[in-house]
Every structure is written in C-alpha cells, then in structure tokens.
Amino acid sequence: MAYTKEEKSWIFQDWANSAYSIMITTAILPIYFKGVAANAGIADTTSTAYWGYANSIGTLLISLLAPILGTIADYQFFKKRFFGVFTAIGIAFTFLLIFIPTDAWLLLLGFYVLSLIGFSGANIFYDAFLIDVTTNDRMDKVSSAGYAFGYLGSCIPFIIFIIFQATGILPISDVALVDIGFIMTALWWLFFSIPMWKNVQQIHYIPAVKKPVKTSFKRLFHTISHISEHKNIVIFLIAYFFYIDGVDTIFRMATSYGIDLGISQTTLILILLMTQLVAFPFTLLYGYLAKRFSAKPLIFTAIFVYIIICVYAVFMKTALDFWILAMLVGTSQGGIQALSRSFFGKIIPKNRSNEFYGFYNIFGKFSAIIGPALMGIITQMTGKTQYGVASLIVLFLVGGIMFLFVKEKNLENL
C-alpha cells in the first residue's frame, strides 16, 4: 500500500528539518563560529568550551521542558500549535544568523541556542504526530521512511554547499558563502514543512479543559508518582537509554577517532556523506523487514551490528578500516532510531502520546553521557582509541538485556 497524504507529509518533515542537523549543528556553523570567536580574540580552547556549553544549555532547556510541554500538547488543538511555534523559532533564528557581525561570537551563540531549542522542541511534537498519521501496523514502515528521507534530504543542501565552496563558482567571500548556507537551510526547512502544516492534524487527544497548564502539571505529577503502572514503558526507556547512548557515542566520536587514525578532514567529510547515503536504503529496509518480522527482532539485529562494530574497532589500523566501520554504522543507525521511535509509539497510550514522547525525548537527549566518558577513560588507561570504542559493547549488552523484558504490545487504553 502506498503512503497516504498524511504519511507523506509527516515523512517530508524529516526531510525538511534534517538539513539543520548537518548544516548547522555538524558542518557549517561549528567551523564558522571558530572563525568569529577568533576575530573577537577568543582562544581556540575557550571557543571550543563555549560551543560545548551552548549545545548543553540548549539541550538541557528543551529536555527539562519536554514532559510538561508534551503533557499540555495532549489536549485538543495544542499539538499542532506547539509544533508550529517551535518550528517557526528554529527557522527564524537559523535565518537571522546572517545578520550577526563577524566578531559577535556571544550573540552568534545565543541565536544558535534559540534555533536549537526550536529544532529540538519541534521534534518532540513531530515524533508524537507519528501516531496521528498512521496505524500501528504501518508505524515501523512510516517511521523508517522518515529517518531514511531525512538522511537523504540532509545531504542535498550540504552537497550543494560543498560544490560552491570547492569550485568557487560564486564570486563571493567566505562569510557570504556561509550566509548562503544559513539561508539555504532555513528555506529548505520552511518549504518542505508546508505539507506537514497543511495536511497533518491531531487525531488522538485529551478533550480541552479550562486550565490546561495547571491540569497538565497535575497529570504529569500523577504519571511520575504512579510510574509502576507503566512498567513496560519504563523498562523500554531504560533499555533505550543504554543502547542509544552507544549509538550516539559512536557517531559523535567518529570524527575524533578518524583524526587519530590520520584521516584527512576532506576524507572525513566524504565518509560522513557516504554514511548518510548508505543509511537511506538500509533504514527503508529495516522498516520493510519490521513489517514481516516485527520491530523487536530488528532492534536486536541493529544492537548486534553495533557490537560487531565495537569488536571490529579493536583491529582498525587503516583508512580502509574506518570506511568499513562507517558503512556498517550506516546500515543500522537509521534503522535502530526509526524502529525505536515506532516501537515506543505502539506501547504508549495514544491520547497521551506527547506526554510520553516528552520522556522519550529526555532519555534520548541525555544519552551519550555514559558512552563518551567510558570511551575516554578506557582510551586514557590503555593509550588506544580502539579499546575505548570496544568498551561501548557494555552499553549495547545492557541495553539489549533490558530490551528482552519489554513486551511488544499496544497499551493505548492504559
């Protein structure tokens, strides 16, 4: 069966906002910020620290707000409004980056944090809309398509930017070229968000009340105080925290690992692009196989692939080894993310999806805490980055064992 209009619109939202991930948080802005900070006389180590602080502040703020925002959004008409507000904030402050003076590093960080809050906040409600656009039996397929097209969509503006940068085809300064990158990202995000705004509506909700904010706090407190009633959901979130910690750590530390192996920056960018392109078909494949075998065994498959990646890292010595490892990551990164999202959507109450996806967001955002620390400690103790990567096996084993106890069932009437 072909995708419905609502499913297509939801999928293209991932295509729309994923450009922000690679263009703003990963590729263009971090490098540009270093230059802006240098123009202001800020030392490299200091600017790196402030970049880390900015990311932490943005992530922390939206993570702490996620449960209460999600709880309010479960009321009729609120989910779409919240999604629209946060998307508008993200797009607006991405565009406004072009007006920051080339030595105003602190203002640049402030605008970046606001754009990050908009991006992360919108994704809470985007994830929760999954249960509104499709049915349980199609949820794995649709969620996987979202991640898959997100990977593909993020590559297109990035490739265009790289071509402009490498060829010098545009007779403009480097700063102007970066501004074009910001504008391109904002317009890409805006244009491809239109179908989501136009065609996707909140189907599952709690009837509106007179005091939604006050009532939402009471509901949230009740959920936390009666957490034992949601044992299956809690076990899943704990399992998810551990194995997604391993996934995120490998992705975030890959560049540093590649540099340790002597791989050039140009090659690392190329490997990043190829990983995204490999992730596209394999994420779709995970969604297709999940329909035949269910999501749970496919998530276990992805965890097993990551354990193989950790073992293979011990024997890595050359750039070819790094290519192989990166391609292995591409085969399963999107699959485990997509199926985790849809699996969660099946085991939570549909009319309280935003509240529970708020908790899902917290566990996802606060992942990659244990992993980097574990990898750093083992690397320092052994003097070998390979052993640091191998130590992440512990996270996948703990996550996998916890996931064994999660029941794949629908609790929408909980």
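Begin by selecting helix α12, residues 319-347, in this predicted model: its 29 residues should span 42 Å at 1.5 Å a residue, and the end C-alpha atoms are indeed 42 Å apart, so expectation and model agree. Now centre the view on Ser 332, where α12 has a kink of about 30 degrees. If you then display the surroundings of the helix, you will find that 23 of the 29 residues of α12 are buried, so the helix is largely enclosed by the rest of the structure.

Staying on α12, select Arg 341 together with Asp 14, whose side chains meet in a salt bridge with an N to O distance of 3.8 Å. This pair links distant parts of the chain, since Arg 341 belongs to helix α12 while Asp 14 belongs to helix α1 (residues 5-39), 327 residues apart. Both Arg 341 and Asp 14 are buried.

Add Asp 127 to the selection, and a salt bridge to Arg 341 appears in which the closest N and O atoms are 3.0 Å apart. Here too distant parts of the chain are linked, with Asp 127 in helix α4 (residues 105-128) and Arg 341 in helix α12, 214 residues apart. Asp 127 is buried, as is Arg 341, and Asp 14, Asp 127 and Arg 341 are linked in a network of salt bridges. In general, side chains of opposite charge can pair when their charged atoms come close.

From this network, move to Tyr 147, which lies in helix α6 (residues 139-167). Leaving aside its neighbours within four places in sequence, Tyr 147 is in contact with Asp 14 and Arg 341, and also with Thr 283, Gly 334, Gln 337 and Ala 338. A C-alpha to C-alpha distance drawn from Tyr 147 to Gly 335 should read 8.0 Å, although these two are 188 residues apart in sequence.

Next, select Arg 352 and Glu 355, whose side chains meet in a further salt bridge, 3.2 Å from N to O. Arg 352 counts as buried because its relative accessibility of 16% is under the 20% cut-off, and Glu 355, at 0%, is likewise buried.

Another buried position is Thr 185, in helix α7 (residues 174-199), with a relative accessibility of 0%. Not counting residues up to four places away in sequence, Thr 185 touches Ala 19, Tyr 20, Met 23, Ile 24 and Thr 94.

Finish on the surface by selecting Tyr 50, Tyr 53, Ile 57 and Leu 61, which form a nonpolar patch with about 380 Å² of accessible area together. Within this patch, Leu 61 lies in helix α2 (residues 44-73) and is partly exposed, its relative accessible area being 39%.

Terms used: Residues are numbered from 1 along each chain as its sequence is written. This is a predicted model: local features need pLDDT of at least 70, side-chain atom pairs count only at pLDDT 80 or more; totals for chains, interfaces and linings use all residues. Side-chain values use heavy atoms; hydrogens and water are left out. Helices (H or I, at least four residues) and strands (E, at least two) are DSSP runs, numbered from the N terminus. Contact means heavy atoms within 4.5 Å. The expected span of a helix is 1.5 Å times one less than its number of residues. The bend at a residue is the angle between axes fitted to the seven residues ending there and the seven starting there. Buried means under 20% relative accessible area, exposed over 50%, partly exposed in between (1.4 Å probe, protein chains only). Patches are made of residues with over 30% relative accessible area and no salt bridge: like charges are joined within 9 Å, nonpolar side chains (Val, Leu, Ile, Met, Phe, Trp, Tyr) within 5 Å. Accessible areas come from the Shrake-Rupley method with a 1.4 Å probe; for residues, only the protein chains shown count as cover. A salt bridge is a side-chain nitrogen of Lys or Arg within 4 Å of a carboxyl oxygen of Asp or Glu.
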